[in-house]
Every structure is written in structure tokens, then in C-alpha cells.
Amino acid sequence: MELGLIAIGAGLAVGLGALATGIAQARIGSAGIGAITEKPELLGRVILLIALPETLVILGFAVAAMVMILLPG
Amino acid sequence: MLVPMAKVEIIGHRDRLDVTLHLLHGLRTIQLIDVTSTPGVRLPPLTADEKQLRELEELRYLRTRLDAVLGMVPTPEGVGRSEVQPADLQALRAELEELGPELELLTRRLDDLQTEQQALPRYLESLRRLLPLVPELTQLGGYETAALLIESRHADVLGDLNTEMTEVAGDLYEIITAQVDRDTIGAILVFRREVARKVHALLGRIQVSRVRLPERFEGMPFRQALASMERRISALPGEIEKAHRTITDLVEPRRVWWATRSAIDARLDELDAIRRVGTTHHAFVAVGWVPEPDLPDLHSALEAEVGPQVMMEQIATEPDEEPPILLRNPSPVRPFEFLVRLLSLPGYNTIDPTRLMFVFLPLFFGIMLGDIVYGLFALALSLWVGRRFGARSPAMRDLSRVLVYSSIWSVIWGAIYGEFLGNLGHELFGMKPIWINREEAIQPLLLFALAVGAIHMTLGLLLGLWEAARLKQRSALIERMGRLAALMGLFLLAGVASNQLPVGLMTPAVAAVVLGLVGLMYVQGWLGILIGPLEMISTFGNVLSYLRLAAIGLASVYLARVANELGAAGPIWVGVIIASLIHALNLALGIFSPTIQALRLHYVEFFGTFYESGGRAFRPFGSATPAPPRTSSA
């Protein structure tokens, strides 16, 4: 039972992080494409901006990994 | 490496200006600065004289005509540029004028054919809809027909038409109507040829849309028009092709025209540059940026080609002037310049991160996509892309080379993790990892990713420190020191907390964190009380961000395992197909995602520690046109 809850927690940590990243990327992505259409030289900076929110899911992954590795032991 | 730039002043006799500009244009080593806007040099700009103005006009005319002609055929490969003498230009003008009318005629014919090709199918459609209404009788002599299309909601027009036709033609006419589609009624009017003129006038008066056929089909009976229109439609592509070929045959033998156009462009460039040159009664003064290593070559070229009437000297850079940026790296590293440029060029006198990207970017890619087979596939793909598109697109060539390095690292890390299409190597022939199996040893993998992040970030901060010290930027120096100290302290704390380091290190660790925090707060002023701790957390977050090196890789490992297990579940041939499809998907994701992630780790985390962007690219005079032909004196 406890292991199940731990797994659910880990899943939520990654899943909610991914969801938040997705919401942020959707907005940045559409704005970014608009910007590139006007100024193609902004491509690099737009990639950077789109990649920024990925930190959220990576932090979620870090929490999930900690929950999975540290708690059962 | 950022090439140091020298600001030079070229002074010479006005007679030698043309020769000097021609030489500089060909050498492509100086970026001219507008003398009138250069602080320190105050001279009126040189204006073109009458002869130059005439030349300018002539060249612009020829350029426009050439553009019009050359635009009709695709540019052949490897046309380069020729040296052009005034006599050549006269010949070109004569030839263009002779060929012009013929080409114009051909182009017009091509246009007509293309318009016809677009219009005929529409006529054909109307005709087909009306065809069932046409009585065979009309093919007999003495009668004419007119086809009408009437919108259903205006059907009452037909009644008026009937009344008026009785007036015009008596009993000798017939109107056949039928619904051709939901909104349209088709009507065919059959009448005696004698009353044709009156009927046409009537049809012009009342508001119906008459199906008028193109000129060449007018007067033909319907069925015949339909058949000949179909024949025409099938013949058109051939005729268009023929017209194209005639134009190409006319233009293509004059391959030299492309080279001439480049030569004209070059000369226009030179004439345009005159405005940026300053002048006195007898002398001209040109100012520009030259890469320092190229100075001696430029010096000797000026001496040899222009002579002693022109001299060049290096002048001081104004404090607020920012020299243009030229990256020059050894050829294996050069493709990575593209990735630096993709973000923005570094500022002058800062660090060029290209070589660091050459070391770390492929390595990170390999750590993420560590699989022997995937790596080999990616290698083959990047070699193919490089060969297929590299010649045409420099960006593709650079990108494919970056991918070549990356996929080699991928194969190496594949061996380190013991991965061969995921766990397939282990299942089939008991392949063993050199270091760890990612699937099982998640904890060491995560720690490894963090360690890579810590090393990368520390390296960046050390570079940032060095740069700040060199440029005497006090606040940047304190800020970077603060981040470094805080980072070290936090790592020591983590080590002590997890019993990996002796408890005695606790005090130095806390001291480092506090010192770092104070440094970070100090540089921000009063706001630092809030921003300082945030900065510290974000620095730590940046290191955690390197966990993606492990996370992206793990996702790929699990997907490969899913492919293998699904593949093993059913009959062998279904299994092979399913497994191949999932592996192909994994490979596509596995090439795209690590590239983006490795780039992001550089752009955001690594560059954030030291990179100063904002440079303008070095655009030497003459680089906009193809290189001049090599002559014996060059």
C-alpha cells in the first residue's frame, strides 16, 4: 500500500511538472513562432525561451527520483 | 576564437581611389566604416563624379535587364564571377537589346499559355454541364446556339427572355432549360443564323451570364468545342514545356551572363562605397575594420597593386566604438560557430564559446542517447544529410557535422552503458556495460548527471570570473564569486548531509554559502535582500537542470525496452515490424530531443555564467558578391 502511494506521488511529481511545462511552452511556442516569422534571426533565442520551462518537469523528475529512491529504504 | 580587429585608415591620391576600392572589394578583408559618421575623422564624403554617375546608371540598367532575363531560368551551379571590361558591357547591352524583343515575345507566349492552362478547365466544366441540353439538330447548318447559365433564384428572367425572343425571331427559335446543379439553371438558345445579331444584342441587354468560349472555340458546335478543348488541355503542358525550353535554350548558352551579373554587382558595390569615403582636395580617406592577422597581407597587397600613392595606418579605436565580430576556429570546431551564431554573437573582447561547445555539446548528446545502434544510425543519417544537402546549405552542413561528432559520442556511451537497441544486446548475446546499466543503476546515473552539471557550471563560473577580472567589471566579479562560493558550499552541505563527507566540513560549507549569499545580495543593492537568495536558488536549480542528461536518456532506454518486449510478444514477423517502428520513433525522438536539450544546457545554464552577447558580425566589403576569378597577380 505504502509503495503504491509512493509511486503515485512520484508520478504526480513528474506529471504535474510536465503539465505545467506544456502549458508554458504552448504560450511561448506560439509567441515564438510569431516572432520568428517577423525576424528569422531570432530562432536561437526562441529555442532558448521554449526550452526554459522544461526546468519544471526536470525538477519534478528530481523530486520523483528522490521519492522513489530515498523513501522505500 | 574571436579575431582581434584593427581600425585602419587608408589615405591615397584621388586618382587611385578606383584601383584601391577594386582591390579592397576583391580581398574581402576590410569592413568599411562611413567616414562621415566616424568620430575622430571629420571629412566631407566623396560624391561620385559625372563619369561615375553615368557608369552607375548604365550598370543599374544592365542589372535590371539581366535580372529580368536570368529570372526566367534556374541559376546554374558554379557560375562564379568574371572580370568585366567596358567593352564587354557594351557587347552585353547590344546582345540584350537584340535578344530582348524575342525574349519578351516568348515570355508573353508562355504567360498566355499558362493563363489558358488555368482557364480552360473552368470552361470545360460549364460546357460539360450544358452538354445534355444541346440538341443534335444544332449541328446542322443555318442555326446558331447560345449557352446561358442562370442562377436559380433569378429563374423569372427566362420568362422575359421568351417574350423578347418571340419579338426578335418569331417562332423560329427554341429555349431548352434544365437544372444543371442546385443553384444554376442551364439554358440553350437555338435560333436562325439570320437573326443572330439581334439575339446577341438582346442577350447583351438582359442580365444573364452567357457562357462565352475562348476565341479559338467560338462558333464551333458544342460537342466539337468540348472535344477540341479536351485536346487542347492535354496538349498545353507540352507547349508550355516547349516554350520554357526555347527560353532556356536562348539564355543558357550565355552562362557567362551570370558571372557578368556578379561582376556588375561587384562594381556597383564599389561605386556605392565611394559615398563612405572621405575626401580632401587631392586625397581620399577610407576607414575600416580589418582582422589583425590579415593586416600584413592587406599592407603588401596595397603596396603591390596600388603603389606608393596609397598608404595605410592603424588608428586608435574610440572608447564607445564596438568593433565587429569575426569568429575564426580550426576546421573541426567551425560547425559549432553556427550554433553560437544561432543565439547571438559574443561581444567584442569576450570569450568565444565555440571550442567549449565543441567539447561538451556532443558529449552531452552522447550521455543522453547512449546506444550503439542508435548512434550508428544517427551517424549514417548525419553523413548522408551532409553529403546530400551540405553543398547547398551551409547551415545543413554545419548541423550534420555537429551530429556526426554527437553520434560518435553516442556509440561510445552506448558501449559504456552496454546498450544495443536498448536491452536487446544484453538479451541476445549477453552484452555487458563497461560502467553501469542505466535501467538498473538510476541513482549513480543521477549523481553522475549532477556531477557533470557541477563541473560544467563551475567551469563556466571560473571563465566568467576570469573575464570579469580581465575586463575589470567589479560587480560581475563579485556576483560570479558569490555564485561559485554558494554552489561549492551547497555541494559540501549535501555531501555532509548524505554522510559522504566528514562532519568537520560542515562549518566551511555553511561559511561558503553565507559568503556567497552576501556577495550576491551586495551587488544588487537594496533589492539584493530579495534577489540574492533567489539568485542562489536559481544557480542551484541550474545544476539540477543537468538531471535532464539522465532523464532524457532513461526515457529513451525505457522506450527501447518497450519496443523489444512488444516485439517478442507475438509472431516473429509481426514482432520485428512493431519493434522496428517503435525503435524508429525512439531514434527520431532520440536525435531531436538530446540536440535541443544539449543546446539548452549550453544556452541557458552554461552561457548564463560567463557569456556576453551582443556582437555585430564582421561583413567585409565585397563579401556580398561571389569571389572574383583568380588572376595570376592575385
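Is B:Glu612 buried, partly exposed or exposed, and what is the relative accessibility of B:Glu612? B:Glu612 counts as partly exposed, because its relative accessibility is 25% and the partly exposed class runs from 20% to 50%. The model is predicted, and the values below are computed from it.

**Chain A**

Chain A contains three helices and zero strands. Along the sequence the order of elements is α-α-α. The radius of gyration of chain A is 17 Å, whereas a compact globule of 73 residues would have one near 11 Å. Along the principal axes, the C-alpha atoms of chain A occupy a box of roughly 55 × 15 × 10 Å.

Of the 73 residues in chain A, 32% are buried. The chain exposes about 4500 Å², and 77% of that area comes from carbon and sulfur atoms. If the contacts in chain A are restricted to residues at least 6 apart in sequence, 81% of them join residues at least 24 apart.

**Chain B: domains and backbone**

Three domains are assigned in chain B: domain 1 (5-75 + 262-315), domain 2 (116-237) and domain 3 (335-610). Domain 1 is thus given as two segments, 5-75 and 262-315. The centres of domain 2 and domain 3 of chain B, taken over C-alpha atoms, are separated by 74 Å.

Two residues of chain B deserve a note on backbone geometry. B:Arg28 has a phi near 50°, which is a positive value in a residue other than glycine. B:Arg28 sits in the loop between α1 (17-27) and β2 (31-33) of chain B. With a relative accessible area of 27%, B:Arg28 is partly exposed.

B:Leu421 also has a positive phi, near 50°, and is a residue other than glycine. The loop that holds B:Leu421 runs between α12 (394-417) and α13 (424-429) of chain B. B:Leu421 counts as buried because its relative accessibility is 18%, and the cut-off for buried is under 20%.

**The interface between chain A and chain B**

In the contact between the two chains, 16 residues of chain B meet 16 residues of chain A. On the chain B side, B:Leu342, B:Leu343 and B:Arg600 lose the most area to chain A, and together they account for 30% of what that side buries. Chain B and chain A bury about 1500 Å² between them, with 76% of this area on carbon and sulfur atoms.

The count of salt bridges between chain B and chain A is one. A:Glu54 and B:Arg548 form a salt bridge, and their closest N and O atoms are 3.4 Å apart.

**Salt bridges**

Over all chains, the structure holds 26 salt bridges. Four of the pairs are listed here.

| Residue | Partner | N to O distance |
|---|---|---|
| A:Glu54 | B:Arg548 | 3.4 Å |
| B:Arg328 | B:Asp294 | 3.2 Å |
| B:Arg341 | B:Glu337 | 3.3 Å |
| B:Arg480 | B:Glu612 | 3.5 Å |

The side chains of B:Arg328 and B:Asp294 meet in a salt bridge. B:Arg328 lies in the loop between β9 (310-315) and α9 (335-343) of chain B, and B:Asp294 in the loop between β8 (283-291) and α8 (295-305), so the pair ties together parts that are 34 residues apart in sequence. B:Arg328 is partly exposed at a relative accessible area of 36%, while B:Asp294 counts as buried at 18%.

B:Arg341 and B:Glu337 are four residues apart in helix α9 of chain B, so about one helical turn separates them. B:Arg341 counts as partly exposed, with 45% relative accessibility, whereas B:Glu337 counts as buried, with 5%.

A salt bridge also joins B:Arg480 to B:Glu612. B:Arg480 belongs to helix α15 (residues 474-497) of chain B and B:Glu612 to the segment after α19 (572-610), so this pair ties together parts that are 132 residues apart in sequence. B:Arg480 is buried, with a relative accessible area of 8%, and B:Glu612, as stated at the start, is partly exposed at 25%.

Some residues of chain B are linked beyond a single pair. B:Asp18, B:Glu55, B:Arg267 and B:Glu270 are joined in a network of salt bridges.

Methods. Residues numbered from 1 in each chain as written. Chains lettered and ligands numbered in written order. Predicted model: local features only at pLDDT ≥ 70, side-chain atom pairs only at ≥ 80, totals over all residues. Heavy atoms only, no water. Helix = DSSP H or I, 4+ residues; strand = E, 2+ residues; numbered from the N terminus. Rg over C-alpha atoms; globule rule 2.2 N^0.38 Å. Buried < 20%, exposed > 50% of the residue type's maximum accessible area, 1.4 Å probe, protein only. Contact = heavy atoms within 4.5 Å. Areas by Shrake-Rupley, 256 points an atom, 1.4 Å probe, with all protein chains shown as cover. Domains from an automatic or database assignment. Buried area = accessible area lost by both parts, 1.4 Å probe. Salt bridge = Lys/Arg side-chain N within 4 Å of Asp/Glu carboxyl O.
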